[in-house]
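Here is a quick tour for anyone meeting this structure for the first time. Have a look at it, then read on.

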Amino acid sequence: MTLSVSDAIPFSTLIRTASHEQHTEAENASFMSEMLGGRLGVEAYARYTEQLWFVYRALEEPAEALAGDPVAGPFIRPGLFRLPSLERDLTHMYGGEGWRGSAAPLPATAAYAARVAELAREWPGGYLAHHYTRYLGDLSGGQIIRGTAEKTWGFARKGDGVRFYVFEEIGNPAAFKREYRALLDAVPADDLEKQRIVDECKHAFALNTAVFHELGDHFRVSA
Ligand code: HEM
């Protein structure tokens with residue numbers, strides 16, 4: 001059965017259910033499963049983190065300007081911001097600030113970041129779809145990635161290298177997710193707009209999967 005907005009299902013349920021298939025696809029991308037299986041070197045993890053830096057720059061640089069927006073504004077919480085943590089992680093992994101001059105987005109990452117930047121300027125509902133896809137994911141499955149990274153590459157628990165996954169200012173992630181879902185349920189958007197946000201969320205997952213595929217082309221486990 002396909003759920004639709006007109007069935008009066010809470011929006012948080014709708015967006016989660018509607019993107020379930022895309023979530024499974026992203027989770028099963030071979031780069032992700034090889035990384036989580038501990039079969040890739042730390043360079044792969046560093047390159048992945050670098051891609052996230054481009055994505056979070058696109059998400060967080062325009063955040064302040066969106067804070068007063070009725071749709072996206074309530075979701076803008078400085079406690080979520082990941083850019084400073086990503087920068088500490090990258091500086092740790094690359095042994096200094098040199099990465100700032102050499103970091104390069106893969107084509108899929110550039111397309112992903114460009115889409116987020118465009119939506120931040122033009123469509124707050126679309127921006128919200130990307131906000132949800134990243135931050136709620138980081139607060140959920142991201143914790144599994146952190147554990148693997150600590151174990152596989154020897155980063156200090158919740159320390160440099162995995163700070164991206166540590167939300168210092170969010171004491172209780174489960175409570176935060178509940179609150180976030182309540183905000184989604186109260187979003188001031190009509191059914192058509194909600195459907196468009198759900199579609200953009202699926203697009204957001206597809207953009208993530210495309211980044212994994214390109215990373216997978218660069219970092220293969222040798223047979
Ligand atoms: C192997 C990688 C991944 C694992 C193991 C994983 C695992 C999980 C788990 C366990 C949850 C919690 C479900 C719940 O609270 O009921 C979750 C939720 C979520 N994940 Fe992932 N995930 C992965 C990759 C991703 C990716 C790549 C994205 C998108 C960029 C993503 C986005 C989300 C979102 C948005 C949610 C929240 C769903 C909701 O409650 O509305 N995940 N994930």
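Arginine 181 sits in helix α11, which covers residues 173-185. This is a predicted model. Arginine 181 has 18 C-beta neighbours inside 10 Å, so it counts as partly exposed; being buried would take 20 or more. UniProt, in an unreviewed entry, lists Arg181 under the feature "binding site", together with Arg16, His23 and Tyr132.

His23 from that record belongs to helix α2. Here are the two residues side by side:

| Residue | Helix | Other C-beta atoms within 10 Å | Exposure |
|---|---|---|---|
| Histidine 23 | α2 | 19 | partly exposed |
| Arginine 181 | α11 | 18 | partly exposed |

Now for the ligand. What surrounds it? The shell holds 16 residues, and the closest are Arg16, Ala26, Gly137, Ser140 and Gly141. Two or more residues each come from α2 (20-27), α3 (30-36), α9 (124-139) and α12 (191-218). Helix α9 chips in the most, with five residues. By type, the shell around the ligand splits into seven nonpolar, six polar and three charged residues.

Next, a pair of packed helices. Helix α4 (residues 42-60) and helix α8 (residues 107-122) have axes 8 Å apart, at an angle of about 10 degrees. Angles under 35 degrees count as roughly parallel, and α4 and α8 are therefore roughly parallel to each other. On the α4 side, the residues that meet α8 include Phe54, Val55 and Leu59, while Tyr112, Ala113 and Val116 are among those in α8. The contact of α4 with α8 is made up of eight nonpolar residues, two polar and one charged.

Technical notes
Residues numbered from 1 in each chain as written. Predicted model: local features only at pLDDT ≥ 70, side-chain atom pairs only at ≥ 80, totals over all residues. Near = placed C-beta within 6 Å. Helix = DSSP H or I, 4+ residues; strand = E, 2+ residues; numbered from the N terminus. Nonpolar A, V, L, I, M, F, W, Y, C, P; charged D, E, K, R; others polar. UniProt positions renumbered as here; feature names shortened; annotations may be inferred. Buried ≥ 20, exposed ≤ 12 C-beta atoms within 10 Å, placed from the backbone. Axes fitted to C-alpha atoms, helices over the stretch in contact; angles between N-to-C directions. Parallel < 35°, antiparallel > 145°, perpendicular 65-115°, else oblique. Contact = placed C-beta atoms within 7 Å.
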